[in-house]
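Here is a short tour of one protein chain, written to be read with the model open beside it. Take a moment to turn the structure around, and then follow along.

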Amino acid sequence: MGTQRIFTLSQVEQHKSKQDCWIIIHGRVLDVTKFLEEHPGGEEVLIESAGKDATKEFEDIGHSKAAKNFLFKHQIGYLQGYKIPDDDNLVTDFFKEPIKAKEMEAYVIKEDPKYQIFVEYFVPFLAAAFFLYYRYLTGALQL
């Protein structure tokens, strides 16, 4: 991420309009002006929190990991007094988690026993044939 700017709360409070909207989440200063129209909850939600710390509101909603990682795109700095995380160590960074290897799922395809084809197809066919033959012999079935 390189060097990040440090902002005071009074500097962030100056950016609370629709044309210039900054919010604070977990000590991160975010410029969400370009994101206002795209926000799934509507731009009003972000404008209400503009110029303030919106950490509580952000956590109360229960945003997904993808949404939390999306914050990095809009981050412009940190709030004064906030400890800047070491970006080299992803475990200490608040939103990022260590990358986990995807578990491989394997499915075993078993071959059906050879007699299963006989049981599934020929036995019902033979049963139907015997039934029709019986009906024919008893005279109930006229061909």
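Where is the place of T8? T8 sits in the loop between β1 and α1, the helix of residues 9–13. Please keep in mind throughout that this is a predicted model.

## Around T8

With a relative accessible area of 26%, T8 is partly exposed, because the buried class ends at 20%. Once residues up to four places away in sequence are set aside, T8 touches L79 and Q80. A related pair to look for is T8 and Y78: 70 residues separate them in sequence, while their C-alpha atoms are 8.6 Å apart in space.

## The overall layout

Stepping back, the protein chain has five helices and four strands. Followed along the sequence, these elements come in the pattern β-α-β-β-α-α-α-β-α.

How much of the chain is buried? Buried residues make up 26% of the 143 residues. As for contacts in the chain with a separation of 6 or more, 65% of them are between residues 24 or more positions apart.

## An aromatic pair

A pair of aromatic rings is described by the distance of the centres and the angle of the planes. Searching the whole structure turns up one aromatic pair. Its members are F7 and W22, which meet edge-to-face, with 5.0 Å from centre to centre and 70° between the planes. The pair links distant parts of the chain, since F7 belongs to strand β1 (residues 5–7) and W22 to strand β2 (residues 22–25), 15 residues apart.

Are these two residues buried or exposed? F7 counts as buried because its relative accessibility is 2%, under the 20% limit. W22 is buried too, with a relative accessible area of 9%.

## Two nonpolar cores

The largest nonpolar core holds 12 residues in all: C21, I23, I25, L30, V32, F35, L36, L46, A50, A54, F58 and L71. A second, separate core has six residues, among them V12, I24, V29 and L79.

F35, a member of the largest core, is in contact with P40, L46, F70 and H74 when neighbours within four places in sequence are left aside. Another member to pick out is F58, found in helix α3. F58 has a relative accessible area of 8% and is therefore buried. Between the C-alpha atoms of F58 and I24 there are 9.9 Å, with the two residues 34 apart along the chain.

## Two buried loop residues

Which loop holds H15? H15 lies in the loop between α1 and β2. Its relative accessibility is 16%, so H15 counts as buried. Neighbours within four places in sequence aside, H15 is in contact with D20, C21, W22, A50 and G51.

S49 is found in the loop between α2 and α3. With a relative accessible area of 11%, S49 is buried as well. Leaving out the neighbours within four places in sequence, S49 contacts W22, I23 and A54. W22 thus appears in the contact lists of both H15 and S49.

## The largest pocket

What is the volume of the largest pocket? The volume is about 410 Å³. Of the 22 residues that line this pocket, H39, V45, L46, F58 and H63 are the closest to its centre. L46 and F58 are also members of the largest nonpolar core.

The elements giving two or more residues to the lining are β2, α2 (43–48), α3 (55–61) and α4 (65–74). Sorted by character, the lining residues comprise 14 nonpolar, five polar and three charged.

## Helix α4

Which element gives the most to the lining of the largest pocket? That element is α4, with four residues. Within α4, L71, F72 and H74 are buried.

The buried residues of α4 pack against β2, β3 (28–31), α3 and β4 (75–79). Two links back to earlier sections are worth a look: L71 belongs to the largest nonpolar core, and H74 is one of the contacts of F35.

Definitions and conventions
Residues numbered from 1 in each chain as written. Predicted model: local features only at pLDDT ≥ 70, side-chain atom pairs only at ≥ 80, totals over all residues. Heavy atoms only, no water. Phe/Tyr/Trp six-rings, centres within 6.5 Å; stacked < 30°, edge-to-face > 60°. Buried < 20%, exposed > 50% of the residue type's maximum accessible area, 1.4 Å probe, protein only. Core = buried A, V, L, I, M, F, W, Y, C linked by side-chain atoms within 4.5 Å. Contact = heavy atoms within 4.5 Å. 1 Å grid on protein atoms, 1.4 Å probe; cavity = no way out; pocket = protein on both sides within 12 Å on 5 of 7 lines; lining within 4 Å. Points joined across faces, edges and corners; volume = space filled by probe spheres on them. Nonpolar A, V, L, I, M, F, W, Y, C, P; charged D, E, K, R; others polar.
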